[in-house]
Amino acid sequence: MQTLDALNTTLRSYLNPEQTNHVNRAYFFAEQAHYGQRRRSGEPYVTHPLAVAGILADMHMDHQSLIAAMLHDVIEDTGIEKVAIGEQFGPTVAELVDGVSKLTQMEFGSLEEKQAENFQKMALAMAQDIRVILVKLADRLHNMRTLGVLKSAKARRIARETLEIYSPIAMRLGMNSVRMEFEDLGFKALYPMRAARIDAALRQARGHRKELVEKVRHQIEVTLQQEGHDVAVLGREKHVYSIYKKMKSKRKSFSEIMDIYAFRIIVDSVDTCYRVLGCIHSLYKPVPGEFKDYIAIPKANGYQSLHTVLMGMHGVPIEVQIRTQEMEDMANNGIAAHWLYKTEDHSAKGSQARAREWVQGLLEMQQRAGNSLEFIESVKIDLFPDEIYVFTPQGRILELPRRATAVDFAYAVHTDVGNSCVACRINRRLAPLSEPLQSGQTVEILTSAGARPNPSWLDYAVTAKARSNIHHFLKYQTRDDSVALGRSLLDKSLASFGSSLESLPAEKLAKFLAQQRYDSLDDLLEDVARGSRLPTFTSQQLLSGLQDSQLQQNNDSDQPVAICGTEGFMVSYARCCHPIPGDPIEGYLSLEKGVVVHREQCKNLVDMRDHNERRIALRWDGAVEGEYRAELRVEVENRRGMIAVIATRINSMGVNIEKISTDDKDYQFTYVNLEMLVKGRVHLARIMKRLRTINHVRKVTRIKN
Ligand code: MN
């Protein structure tokens, strides 16, 4: 069992005293936080984080990773918050602990098996700092080592998750020691009978061979010493899971797989690797075709070593691997081995930079060797993803591009869901459709039968599927709306020149449509409504060449276009000034969105005065329908329950509040900002009057932009 003393011995071998102290401080912090909690085995809980830190210390990970390892269950299992960790150990450690907690919270149990790969990617995508993954792997490793005391159903679930999720992640990061241990422990938990049989056979074979192995080992060592190479020769054994996989995939018997003697020789330099190889080839006869130089041509995952097979005494094959300590570290610990080489940058950025360096190193090695880049590409994509991974409420994982929103998610689920979506919940909280999603979130889409896509979605939908569906919908479903609006815009403009669509000579119109490549008048009107063709210019083009006498004088020319609230998609209401019926208004013809209605005094409208040709005179129709968004600011005394009083009063008038927020004005007064749907100015005035009668309300004003 790991003790603090033993850990400190390891720490002192590669960290400075100050860093070692910080790690110790984290230990005592964790001990206190978990005070009274015990593991299932009965030991105090702190033995677990201590062991996890021990695993990472053996890999020579930096002190921040070790502190995070000590604290990794503190947020999840004790009442301590991220902020408190930040205050004690700095923001980077707080982020690491928070990241590990988030991974721990992800439920894999309910997922289908084929989702495992996406889950791995999601885990990697969620870790802003790659050290989060390394701490999580160490955490899982210790849990697997102590799995025996768990009830069997839970143990099986954890074992399956380890084999399907964590062992592939370890492999992608080149951490083979961890991967092999995951596999052996997972295999034992999932298939205890098979594992026990292989284990027993292994032990028996080991007994038989012990003497011979020792003899060969000694012989190699002595030969190398005579040549002046003072190196360690290690006996090597296959691990249980790899024997099982080989028996299964190659249909070999246990003795066929085991009938080989394997050694590893660790030397001080690349040069020595080749010289040691020469010595060994002179000691035993090499088997032709079995020599492999993975130093000159590394394996796709960056593995480097020399491999050879020799024919030993009595014709027993002997497998030998020769490599440097650095190659050994890389083969065992992969990306974690990168932390051995100290730099001063301990931030998340430094961590990601090292991850990049590691990938870059693999890449260069591969380019020199000229073999497959597939592994590297997949590692690169996993570590620096352009995708996010989010859950449906049913636990399915969807892959979306970075910055995707709930609208993209809705269309990814189904086109019908996208077309009828009205709102969303992100992790069970109501959220705006425009909020960018993040990996690991659960997204639920609320739909409504009569709902239609909104042109404003195009401002934030990023996937091709969502965008093309919205465009498609807007194009066809809103055609009638557009044609009608385009007709009234163009007619109004023609009127200012003393003409109208009706009075325009038919052949003149037909010629113009042909010239401009329109199939019909409706197509032209639609373009006018969409803002891609301006009414004034179109009128001028249509009227050019006509005699003044052909133009009737029209008194209507200054009449603004009437808005009656039922125009549909091609008329929208500006979010900056929230016009409501009764307000003096003016329109702006925008590309894609059609006519946007602003209040006349809106600052944004004034800013657009350079585009006078896009401004349109508007008025409210006498029979205007619908509900319009209005914003009020209520200044109230700071008292408990005031927001509830205000909300109840508004609700009692049958008005729906869309949004409430507060701003503290000073210690005595608070601003309550309300967004609600009203029928018009008269309606709003009535609401404001009712609000002013509430006790402790000082002032009620409508918000201008
Ligand atoms: Mn843990």
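1. A word to start with: a residue is called buried when its relative accessible area is under 20%, exposed when it is over 50%, and partly exposed in between. Keep in mind as you read that this is a predicted model. Tyr27 comes out at 10% relative accessibility, so it counts as buried. Its ring partner Phe28 has a relative accessible area of 44%, so Phe28 is only partly exposed.

2. Those two rings are worth a look together. There are eleven aromatic pairs in the model. One of them joins Tyr27 and Phe28, with 5.3 Å from centre to centre and 75° between the planes, which makes the pair edge-to-face. Elsewhere, Phe187, Tyr191, Tyr241 and Tyr244 come together as one aromatic cluster.

3. Now the whole chain. The protein chain has 705 residues, and 50% of them are buried. Its secondary structure amounts to 28 helices and 20 strands. Of the contacts with a separation of 6 or more, 67% are between residues 24 or more positions apart. About 35,300 Å² of the chain is exposed, with carbon and sulfur atoms supplying 49% of that area.

4. Next, the metal. Which residues hold the manganese ion on the protein side? The donors are His48 and His72, each through NE2, plus Asp73 and Asp139, each through OD, at 2.2 to 2.4 Å from the ion. Written along the sequence, their spacing is H-x23-H-D-x65-D. Two of these donors can be placed by accessibility: His72 is at 0%, so it is buried, and Asp73, with a relative accessible area of 7%, is buried as well.

5. Helix 11 is a nice one to trace by eye. It runs over residues 176-190, and for its 15 residues a rise of 1.5 Å a residue predicts a span of 21 Å; the end C-alpha atoms sit 20 Å apart, so the two values agree. Its buried residues are Asn176, Val178, Arg179, Phe182, Glu183, Asp184, Leu185, Gly186, Phe187 and Leu190. The cover over them includes helix 9 (130-145), helix 10 (152-172), helix 12 (192-226), helix 13 (240-250) and helix 16 (325-333). Phe187, on that buried list, also belongs to the aromatic cluster from point 2.

6. Is Asp98 buried or exposed? Its relative accessibility is 13%, so Asp98 counts as buried. You will find Asp98 in helix 7 (residues 91-105). Leaving aside residues up to four places away in sequence, Asp98 touches Ile75 and Lys82. Glu76 is 22 residues from Asp98 along the chain, and their C-alpha atoms are separated by 9.0 Å.

7. Two arginines have their charged ends over rings. For Arg39, the ring is that of Tyr45, with its centre 5.9 Å away. For Arg698, the ring is that of Phe669, and the distance to the ring centre is 3.9 Å.

8. Finally, a couple of backbone spots to check. His60 has a phi near 60°, a positive value in a residue other than glycine. His60 belongs to the loop between helix 3 (47-58) and helix 4 (63-71), and with a relative accessible area of 24% it is partly exposed. Arg517 also has a positive phi near 60°. Arg517 lies in the loop between helix 23 (506-515) and helix 24 (521-530), and its relative accessible area is 76%, so Arg517 is exposed.

Terms used:
Residues are numbered from 1 along each chain as its sequence is written. This is a predicted model: local features need pLDDT of at least 70, side-chain atom pairs count only at pLDDT 80 or more; totals for chains, interfaces and linings use all residues. Side-chain values use heavy atoms; hydrogens and water are left out. Donors are N, O and S atoms within 2.8 Å of the metal (3.2 Å for Na, K and Ca); water is not among the atoms, so sites may look incomplete. Buried means under 20% relative accessible area, exposed over 50%, partly exposed in between (1.4 Å probe, protein chains only). Rings of Phe, Tyr and Trp (its six-membered ring) pair if their centres lie within 6.5 Å; planes under 30 degrees apart count as stacked, over 60 as edge-to-face and the rest as tilted. A charge sits over a ring if NZ of Lys or CZ of Arg is within 6 Å of the ring centre and within 35 degrees of the ring normal. Helices (H or I, at least four residues) and strands (E, at least two) are DSSP runs, numbered from the N terminus. The expected span of a helix is 1.5 Å times one less than its number of residues. Contact means heavy atoms within 4.5 Å. Accessible areas come from the Shrake-Rupley method with a 1.4 Å probe; for residues, only the protein chains shown count as cover.
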